[in-house]
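Biologist: I am new to this structure and would like to know what stands behind the words used for it. Please set each value against its cut-off.

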Amino acid sequence: MTRLFIRIYLGAVVAVLVAVGATILIIAGGFYESIESHIRSIAIIPTTHIRTEISAITDNQTRQSRLSALAKGYGYPVEIVTEAALDFDTRERALLLQKRELLIRFEGRSPLAYMALTSGQEILKIGPLPTIRPMAEKRGWIALVMLCLLMAGSMFVLVRPLEIRLRRLGKAAEVFGRGELEHRIEDSNTDVVATLGSSFNQMAGRINQLVNGQQELFNAVAHELRTPLARLRFAIEEIALEENKQAREVQLEAANTDIEELSELIDELLTFARLQHGAPPLAQESIRMKELLDDVKESVKILRPEIRLDFVELDFVDDVYCGDPRYLRRALLNLVSNAMRYANGQVNVYCEKNHGGFVVQIDDDGPGIPEKNRQQVFEPFARLEANRSKDRGGHGLGLAITRRVAQWHRGSVEVVDAPLGGARFILRLG
């Protein structure tokens, strides 16, 4: 027997015993009254007969002989005692001596019958009288033992499958804890244990996804850091060997560019990490959207001066949005600079109010994004082939950061086809 079965069984037995005890206490008074009434109805005839037989005999020896004969005939003790020898209360004395009625008393577990003789000072005592109580109690104990055995069998049948399934769940957790992240629980039932197993599978799937995502992220970070570090190492070697001052300055400029690229990558990694693991502390401030967009325009227009950048339909001069200006500026910068990076000659930015929030659309006339890749571009370090490739710059974290910022501001971001022929990114802020 397992500890789970023993605990449940003992708990059930204790509950049954408490219920039986409470029931006995509730019905005890009426139960004893019923027994007393039953014994009185049985004892009244022999007691009256014995009193009649004894009252007519005056000789003490003859009386004792008659008492013995009557006791033998009825099958239980019969004797005469004095009223002073009996420890009766006032109610019992009044019933016995004044009303001259039959009195039934229990001494321990045995009933006795008392009736006053005609002299008034002598009391006829009969008993202990036979009752059904010993047999009933014996059968009651037998029934209780059988009930406990029946409960044990029934509960074992019910608990054993439950224990097996719980052990399977525990073993699955142990296997998962050893690193086998693909391990899952198969349970076709619909009870609470199956629900627990389903929750475990969901948790395991989420953990597996996070671990794989972190592994991919680490691999991508290593790859992204390796290229500028290799260029920086090569530039340092070239500087050490270069004697021409002008050539050294060119090499220094290239090294400085690589350092800036590393700094930007580290900054984006830190930002993404803060957004990846729960909502960061957001500074809820009133932001004038037109001023924020104007600031973004000034920051990105120097990226590619040959690209025409138009901010259109910005007619909500005094409208404000409550959010974190630092993260919102970062999200808008990522979207607009991404459009500038891939545009052929034109980028348009639209903004309008929408149900208490804002919708910002950024269009470019670049190569666009195939529909099958439109979710992939929001993953960290996502790279598309052909026209939207590494030679356009960036680290592959900007759009992932933008999506997180949008989510923490009760919004979303998506990409569709733009009227200009390229990609349209739509940022919704709730």
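Biologist: What makes the start of α8 a place with a polar contact, and which atoms are involved?

Modeller: This is a predicted model, so every value here is computed from its coordinates. At the start of α8, a side-chain oxygen of Asp-324 comes to within 3.0 Å of the backbone nitrogen of Arg-326. A polar contact is a pair of N or O atoms within 3.5 Å, so this pair counts.

Biologist: How do you know what span to expect for α8?

Modeller: Helix α8 covers residues 325–342, which is 18 residues. The expected span is 1.5 Å times one less than the number of residues, so the reference value is 26 Å. From first C-alpha to last, α8 reaches 26 Å, close to that expectation.

Biologist: Why is α8 called largely enclosed?

Modeller: Because 14 of its 18 residues are buried, α8 is largely enclosed by the rest of the structure. The same description holds for α9, because 9 of its 11 residues are buried. Among the buried residues of α9 are Gly-398, Leu-399, Arg-403 and Arg-404. For the protein chain, 37% of the 430 residues count as buried.

Biologist: What makes Arg-410, just after α9, worth a remark?

Modeller: Arg-410 lies in the loop between α9 and β10 (412–417). Its phi is near 60°, a positive value in a residue other than glycine. Most residues other than glycine have a negative phi.

Biologist: Why is Arg-410 called exposed, and what is Arg-66 called?

Modeller: Exposed means over 50% relative accessible area, and Arg-410 has 57%, so Arg-410 is exposed. Arg-66 has 29% relative accessibility, which lies between the 20% and 50% cut-offs, so Arg-66 counts as partly exposed.

Biologist: Where is Arg-66, and which residues does Arg-66 touch?

Modeller: Arg-66 is in helix α2, residues 60–74. Not counting residues up to four places away in sequence, Arg-66 touches Glu-53, Ile-54 and Ile-57. The C-alpha atoms of Arg-66 and Ile-54 are separated by 7.4 Å, with the two residues 12 apart along the chain.

Biologist: How do you know that Asp-365 has no salt bridge?

Modeller: A salt bridge needs a side-chain nitrogen of Lys or Arg within 4 Å of a carboxyl oxygen of Asp or Glu. For Asp-365, the nearest side chain of opposite charge is that of Arg-304, 7.4 Å away, so there is no salt bridge, although Asp-365 is buried.

Biologist: What does the side chain of Asp-365 reach instead?

Modeller: The side chain of Asp-365 reaches the backbone nitrogen of Gly-345 at 3.1 Å. The backbone nitrogen of Gln-346 lies 3.2 Å from a polar atom of that side chain. The cut-off for a polar contact is 3.5 Å, so both pairs fall within the limit. Asp-365 itself sits in the loop between β9 (357–364) and α9 (398–408). Leaving aside neighbours within four places in sequence, its contacts include Ala-343, Asn-344, Leu-420 and Gly-422.

Biologist: What is the peptide bond between Gly-127 and Pro-128 called, and what is its omega?

Modeller: The bond joining Gly-127 and Pro-128 is a cis peptide bond, with omega about 10°. Most peptide bonds are trans. Pro-128 is in the loop between β4 (122–126) and α4 (133–177).

Conventions: Residues are numbered from 1 along each chain as its sequence is written. This is a predicted model: local features need pLDDT of at least 70, side-chain atom pairs count only at pLDDT 80 or more; totals for chains, interfaces and linings use all residues. Side-chain values use heavy atoms; hydrogens and water are left out. Helices (H or I, at least four residues) and strands (E, at least two) are DSSP runs, numbered from the N terminus. Buried means under 20% relative accessible area, exposed over 50%, partly exposed in between (1.4 Å probe, protein chains only). Lys and Arg count as positive and Asp and Glu as negative; His and the chain ends are not counted. A polar contact is a pair of N or O atoms within 3.5 Å; within protein, one must be able to donate a hydrogen and the other to accept it, and residues adjacent in sequence count only if both atoms are side-chain atoms. Contact means heavy atoms within 4.5 Å.
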